[in-house]
Amino acid sequence: VQLQASGGGLVQPGGSLRLSCAASGSIFSINTMGWFRQAPGKQRELVAVITSGGKMDYADSVKGRFTISRDNAKSTVYLQMNNLKPEDTAVYYCYSVIRPRSDQFSRSYWGQGTQVTVSS
């Protein structure tokens, strides 16, 4: 099982980016999917998560600006980021709780990280 993230880049303050993360491999089921981020010198922090039932949760710092969604048919989670600020600069990691076909239990998986830089 792998998570492949894409969509990062350099954007000016006030701009938008859309991150994508696709799960692949021998998957029985996918539960929670989400995004974390880690800025230089800081701990990794939760940005947004969405359950298999569509319940969403956001960090206070991104509420009203970021929107998480998922396409279960594509095993993909998205993060639409609008009105980006310099403090959003970080490496963004996708995260998912997945039960592989070869396992009786679900476990956590992380994507490789994608850099988001907000700067003029």
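Glu45 is partly exposed, with a relative accessible area of 36%. In this predicted model, Glu45 is a convenient point of entry, for it takes part in a salt bridge with Arg37 in which the closest N and O atoms are 2.7 Å apart. Arg37 itself counts as buried, at 5% relative accessibility. The pair therefore joins a partly exposed acidic residue to a buried arginine.

From Arg37 the path continues to a second acidic partner. Arg37 also forms a salt bridge with Asp88, and here the closest N and O atoms lie 3.0 Å apart. This pair links distant parts of the chain: Arg37 belongs to strand β4 (residues 27–38), Asp88 to the loop between β8 and β9, and 51 residues separate them. The side chains of Arg37 and Asp88 are likewise listed as a polar contact, at 3.0 Å.

Asp88 deserves a closer look. The loop that holds Asp88 runs between β8 (76–81) and β9 (90–100). Although placed in a loop, Asp88 has a relative accessible area of 1% and is buried. Because the cut-off for buried is under 20% relative accessible area, Asp88 at 1% falls within that class. Beyond its neighbours within four places in sequence, Asp88 is in contact with Arg37, Arg65, Phe66, Asn83, Val116 and Val118.

One of these contacts, Arg65, supplies a further salt bridge. Arg65 and Asp88 are paired with their closest N and O atoms 2.7 Å apart. Again distant parts of the chain are linked, since Arg65 sits in the loop between β6 (56–58) and β7 (66–71) and Asp88 in the loop between β8 and β9, 23 residues apart. Arg65 counts as buried, at 9% relative accessibility. Through shared partners, the salt bridges join Arg37, Glu45, Arg65 and Asp88 into one network. Side chains of opposite charge can pair when their charged atoms come close. The structure as a whole holds 5 salt bridges.

What surrounds Val77, leaving aside residues up to four places away in sequence? Val77 is placed in strand β8, the strand that precedes the loop of Asp88. Val77 touches Leu19, Ser20, Cys21, Met33, Trp35, Ile50, Ile68, Ser69 and Arg70. At 1% relative accessibility, Val77 counts as buried. Val77 and Val1 are 76 residues apart in sequence, and their C-alpha atoms are 15 Å apart in space.

Methods. Residues are numbered from 1 along each chain as its sequence is written. This is a predicted model: local features need pLDDT of at least 70, side-chain atom pairs count only at pLDDT 80 or more; totals for chains, interfaces and linings use all residues. Side-chain values use heavy atoms; hydrogens and water are left out. Helices (H or I, at least four residues) and strands (E, at least two) are DSSP runs, numbered from the N terminus. Buried means under 20% relative accessible area, exposed over 50%, partly exposed in between (1.4 Å probe, protein chains only). A polar contact is a pair of N or O atoms within 3.5 Å; within protein, one must be able to donate a hydrogen and the other to accept it, and residues adjacent in sequence count only if both atoms are side-chain atoms. Contact means heavy atoms within 4.5 Å. A salt bridge is a side-chain nitrogen of Lys or Arg within 4 Å of a carboxyl oxygen of Asp or Glu.
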